[in-house]
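Reader: I am new to this structure and would like to go through it slowly, one question at a time. Could you show it to me before we begin?

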Amino acid sequence: MKAENRFDLPQGTLDLLIMRVVALGPIHGYAIAQRIQQMSRDALQVQQGSLYPALHRLEYKKLLAATWKSSETGREAKFYELTAKGRTQLEAETENWKRLTELVGLILKGTLEGAS
Amino acid sequence: MSWLSRLIFRKKMEGDLEKELRFHFESQVADKMRTGIAEAEARRLTRLEFGGMEQIKEDCRESRGTMWFESLVQDVRYALRQLRKSPGFTLTAVLTLALGIGATTAIFTLVQQVMLQSLPVTRPDQLWRIGDRPHCCNWTGYSQDNDGQPGDWNLFPWEAYKLFRANTTGFQDLAALQAGNQALAVRCAGSAGPPETANGEFVSGNFFQTLGVSAWRGRMFVDADDQEGAPPVAVMSFHAWQEKYGSDPAVVGSTYQINGRAFTIIGVAPAGFVGATIVDWGMPDIWLPLTTEPLMLGTTSRIKDTRVDWLDLIGRVRSGTNTKALEAQLQSELYGWLASHLADMSPQERAVWQKQTLRLTPGGTGFSRLEKDYGEGLRLLMITACCVLLVAYANIANLLLARALRNRQQTAVRVALGASRGRLVRNALIECVTLSLIGGAAGVAVAWSGARLILYLAFHTLEQSTWIPVHATPSTLVLLFALGVSVLTGVIFSIAPAWMTSHAEPVEAMRGAHRAVGGGRHWAQKALVIAQAAVSVVLLSAAAMLGGSLRNLGHQDFGFNPDDRYLVSINSSLVSKYKQEQLLPLFREIQDRLSTIPGVRGVSSATYAPMSGNQMGNDIRIQGQPEPGPKDDVSADWTRITPGFFDTIGAQMLAGRAIDEDDNGNTRHVAVINEAFAKKFFGNQNPIGRRFGPGPIKNAGTYEIVGVVQNIHYVRWGFGDPARAMYYIPEAQMVQFDQPDIQSDELWSQNLGNIVIWAPRHPANIFMQVKTALAEVDPNIVIYDIQPYSRVIQGTFDQQNMIVSLAWLFGAVGLVLAAIGLYGVTAYGVEQRTSEIGVRMAVGADRSSVVAMVLRGAFWQVGIGLGIGIPAAIGLGYLMASQLFGVAPWNPLLLATATVLLGLATLVAAMIPARRAASIDPIQALRTECPTRKMSRAYLPPLGSEGWPIWCPESKVRDINHDEFLPSEMLRPLNAVAS
């Protein structure tokens with residue numbers, strides 16, 4: 001991976017990404033980080049220092065639920081799942097995000113047309 | 001999981017957090033190893049990628065939402081652990097705080113009780129009193145003035161009270177109470193034993209109702225009890241009921257002989273209620289309706305005399321009433337009342353009657369004399385206590401500063417390991433507040449015993465019959481005060497350590513700790529010690545000045561000789577109702593009987609004797625001199641005496657003759673005046689043979705002056721003031737005056753209250769013999785007190801005595817605290833310089849020079865402290881001089897003593913660390929301190945000069961400014977010593 005390909009995540013999007021990844025099925029913290037990295041084609045690398053506070057915050061807000069299970073390597077790991085509340089929240093935020101990007105895109109496009 | 005269960009399962013959650021992160025870490029390491037990296041390298045890389053594990057944990061905890069409380073609990077436990085780890089520091093700090101906070105809180109306990117406390121009555125905020133300063137006990141005439149404020153009415157006659165009560169609608173109720181007290185002798189009906197003495201107070205029938213005080217037992221007065229001709233009833237105070245009558249429920253409803261009259265006790269007042277007047281010379285034991293006053297006093301009754309003002313008025317104001325308007329209404333009512341008495345006024349009174357006025361003031365605290373009598377002393381003590389607190393603060397600041405310096409390295413390591421600065425600052429804050437709260441709690445204990453000590457010092461000499469409603473137990477307000485002081489202390493003193501924490505650089509942790517100790521911080525510590533030394537000199541000097549003043553007061557010439565004399569206070573007429581003409585033979589008999597006691601050389605009586613606490617005064621007129629103007633001071637004190645009085649008390653006649661046996665009812669009326677009287681009214685003229693009299697000019701020929709006696713100090717105050725004019729008239733001569741108020745005094749004054757006994761050979765059981773002798777004359781004579789006269793005088797200075805004792809105590813505490821502070825700083829300095837001292841001793845310094853070096857440092861600081869403190873003490877002396885008696889603003893001997901005291905304290909405080917420094921083993925010192933490998937050139941003074949750096953035999957010393965190692969030859973002499 002190259003440093004130039006990496007992005008800084010906009011504020012608040014990390015929670016959305018985590019929920020999206022967790023929505024695919026029970027998953028532990030390390031796997032979440034790896035999955036985000038893979039899905040973004042190595043462009044996004046979530047630091048442990050941001051990931052775990054975010055997970056704990058989402059758990060505290062009852063958007064995620066956690067259970068301890070054996071991982072693929074046999075060690076005990078903490079697996080996160082989306083709660084019903086989390087699923088609703090994810091849908092709402094995904095919708096928000098789509099609308100936001102559309103609108104931002106429109107404006108950016110509009111500015112270019114107007115300037116030309 | 002709820003907030004609470006999160007807290008309870010904290011341990012499990014902590015474990016889970018650790019396990020979760022550890023899993024991530026291990027997975028990452030495993031992934032790296034799969035790509036072919038060796039395990040050690042994989043771990044190293046992962047650790048680098050991870051950053052501070054603790055920091056992540058901290059962020060996770062924070063996002064859980066219980067952070068603040070969890071960490072608060074954690075921080076408090078951590079603070080307690082830290083404090084336990086250094087017991088010496090903790091003990092010193094707690095003791096210091098306890099002394100400082102304790103001293104202030106003790107004084108505040110008394111200030112609060114004496115000055116701020118409300119009466120324990122319903123809605124004290126609704127109570128207002130007429131008049132703005134407490135006054136005792138009678139005032140005669142239609143004009144009142146008060147400390148130069150003309151026409152300021154504080155006391156009122158009964159007639160005016162009734163007028164106010166009937167016409168002032170702004171008062172829901174207006175009560176009157178006697179401003180003085182009434183001596184009572186109480187005897188159970190049918191009992192023949194000696195009567196119990198008690199303090200009585202006449203109050204209006206609505207007194208308890210106005211204050212909203214209901215009975216503990218029985219009932220309180222109603223207006224029907226306060227009618228002429230109503231059956232005589234009385235209410236007893238809880239204190240008297242408990243102390244004198246053993247809380248006997250049968251008291252209520254029983255009939256008692258009070259001053260020979262049958263009264264029924266109808267009720268007992270509730271426990272906390274001690275009346276509306278707080279004084280230190282007799283709280284009321286029994287309340288009597290105003291209208292029973294003539295029953296008690298007979299011909300000397302004053303209730304119907306409109307010239308005699310003797311009532312304090314206090315009222316409950318209707319809610320919503322404008323008190324300014326109420327005051328104006330009362331003022332106009334006062335004018336109306338005065339106008340109705342224009343015909344009775346003297347010309348002087350008629351000239352100023354329109355200037356008479358009154359003020360309405362909040363009455364929730366009652367009519368306290370304590371504020372007036374003790375306020376100034378307490379304020380002085382409060383200032384002193386604050387000084388002690390400041391010295392204590394300087395100590396704590398110093399200790400904390402030293403501690404923070406010592407902990408710098410640890411703090412820096414913590415920052416490097418990922419502790420957030422906010423948390424560290426909060427840690428420092430919590431540690432300080434915890435410390436100061438422990439100190440505050442100990443301070444409350446100190447305050448409690450301190451207040452008891454102060455009360456003991458202030459009042460222990462008073463008779464048992466005198467009881468003051470001031471308690472040592474701290475109230476809620478006082479406890480809040482102590483808490484506030486503690487927390488404030490903690491917050492203030494956490495600033496220094498917190499500041500250091502927030503500026504701690506992790507890089508410093510990597511460097512040698514010893515570089516961190518710079519001269520600048522030593523300077524701050526030294527400044528605090530200097531300030532402490534200065535403040536303690538000021539405190540000691542103030543204490544010595546107060547002490548000197550008191551000594552001068554107690555040993556001044558009072559105009560009589562208290563040695564070998566005894567003062568007996570009696571009341572002959574409380575129970576036995578002597579007729580006026582029986583009094584003269586009674587006192588002759590008493591004197592004759594007392595004179596037969598072996599060893600007694602003289603006995604004489606007076607209405608009141610010097611410093612017995614009483615005083616009577618009249619405005620007088622001199623025959624042949626014009627009527628004085630309204631502003632002229634024509635007052636003179638007076639008393640009746642029996643023949644031989646001046647000899648008995650040891651006063652010298654200056655001119656003419658004393659009063660003798662020939663001055664009786666058949667001869668012309670004579671008087672002896674004192675020197676001040678002669679000077680005030682006759683200037684340089686010879687007063688012998690001149691005539692004067694009390695009151696209106698027509699009495700001016702009453703007395704002929706036959707002698708002049710030296711000034712005798714009679715009153716218990718004004719020891720620095722010029723002597724008061726006074727005249728003495730014989731017990732045996734009675735004048736018939738037309739004016740009822742003067743006539744009342746003329747009759748009343750024949751009841752002599754004091755007997756002076758001159759017994760140079762101090763008969764063994766004189767007290768018992770006097771009692772027996774008086775009982776033989778009349779068993780109904782009430783004896784209040786028999787005291788050696790020197791003790792009477794000493795008792796006059798009890799309050800000053802208390803202040804001096806406390807000032808000394810505070811001075812001593814300040815000195816001890818300053819010594820502790822000095823010790824702390826010196827010991828810390830020695831500890832920091834252990835290696836330097838080792839080097840010095842290695843290169844040839846002997847023990848005595850090391851001791852001298854340490855002592856020099858300590859004495860320097862104290863010297864500067866003295867340099868500041870002595871001028872400050874002199875300045876304070878000038879400020880205090882007006883309050884002091886015969887003490888110069890500064891006294892070289894006194895300051896020298898304070899200096900020597902402080903010097904001794906310094907010696908003791910500095911000697912302990914100095915001896916420790918001298919016992920340092922050079923080799924040990926050099927071996928134990930070896931962290932410094934790099935030194936800047938700037939830090940390296942020339943070899944052999946003062947302050948040589950910490951040095952290690954095996955280290956290479958590199959000058960980082962020039963990036964080169966110092967030549968090893970420089971180190972050779974030291975290496976030679978070390979190896």
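Reader: In which sense, parallel or antiparallel, do strand 10 and strand 14 of chain B pair?

Author: This is a predicted model, and the answers here describe that model. Strand 14 of chain B covers residues 286-289, and B:I286 in that strand stands opposite B:M236. Strand 10 and strand 14 of chain B are joined over 2 bridges, and the sense of their pairing is antiparallel.

Reader: Which residue is the bridge partner of B:V235 in strand 12 of chain B?

Author: Strand 12 of chain B, residues 261-268, pairs with strand 10 of chain B in the parallel sense, over 4 bridges. Within strand 10, B:V233 and B:V235 point one way while B:A234 and B:M236 point the other way, and all of them are buried. In strand 12 of chain B, the bridge partner of B:V235 is B:G267.

Reader: How many residues are in the largest nonpolar core?

Author: Among the members of the largest nonpolar core that touch the most other members are B:I673, B:F692 and B:Y727. Leaving aside neighbours within four places in sequence, B:I673 is in contact with residues that include B:F682, B:F692, B:I705 and B:Y727. A second, separate core, with B:W158 and B:Y256 among its members, has 48 residues, whereas the number of residues in the largest core is 87.

Reader: How much area is buried between chain B and chain A?

Author: The contact takes 24 residues from chain A and 22 residues from chain B. On the side of chain B, the residues B:E20, B:F23 and B:H24 lose the most area to chain A, and together they make up 34% of what that side buries. Carbon and sulfur atoms give 59% of the area buried between the two chains, which is about 2,000 Å².

Reader: Which helix of chain B gives the largest share of the side that touches chain A?

Author: Between chain B and chain A there are 7 residue pairs in polar contact, both residues being at pLDDT 80 or more. The elements that give two or more residues to this side of chain B are helix 2 (10-34), helix 3 (39-50) and helix 4 (53-64). The largest share, 12 residues, comes from helix 2 of chain B.

Reader: Which residues are linked with A:K78 in a network of salt bridges?

Author: Side chains of opposite charge can pair when their charged atoms come close. Across the interface of chain B and chain A there are 2 salt bridges, and in one salt bridge the side chains of A:K78 and B:E20 meet at 3.8 Å, N to O. A:K78 also forms a salt bridge with A:E59, in which the closest N and O atoms are 3.3 Å apart. The residues linked with A:K78 in the network are therefore A:E59 and B:E20.

Reader: Is A:K78 buried or exposed?

Author: A:K78 lies in strand 3 (residues 76-82) of chain A and A:E59 in helix 3 (residues 48-60) of chain A, so their salt bridge ties together parts that are 19 residues apart in sequence. A:E59 is partly exposed, with a relative accessible area of 23%. Because A:K78 has a relative accessible area of 9%, and the cut-off is under 20%, A:K78 counts as buried.

Reader: How many residues apart are B:K244 and B:D285?

Author: The side chains of B:K244 and B:D285 meet in a salt bridge at 3.2 Å, N to O. B:K244 is in helix 9 (residues 238-245) of chain B, while B:D285 is in the loop between strand 13 (277-278) and strand 14 of chain B, and the pair links parts of the chain that are 41 residues apart.

How values were computed
Residues numbered from 1 in each chain as written. Chains lettered and ligands numbered in written order. Predicted model: local features only at pLDDT ≥ 70, side-chain atom pairs only at ≥ 80, totals over all residues. Heavy atoms only, no water. Buried < 20%, exposed > 50% of the residue type's maximum accessible area, 1.4 Å probe, protein only. Pairing = 2+ DSSP bridges. Core = buried A, V, L, I, M, F, W, Y, C linked by side-chain atoms within 4.5 Å. Contact = heavy atoms within 4.5 Å. Buried area = accessible area lost by both parts, 1.4 Å probe. Salt bridge = Lys/Arg side-chain N within 4 Å of Asp/Glu carboxyl O. Polar contact = N/O pair within 3.5 Å; in protein donor to acceptor, adjacent residues only side chain to side chain.
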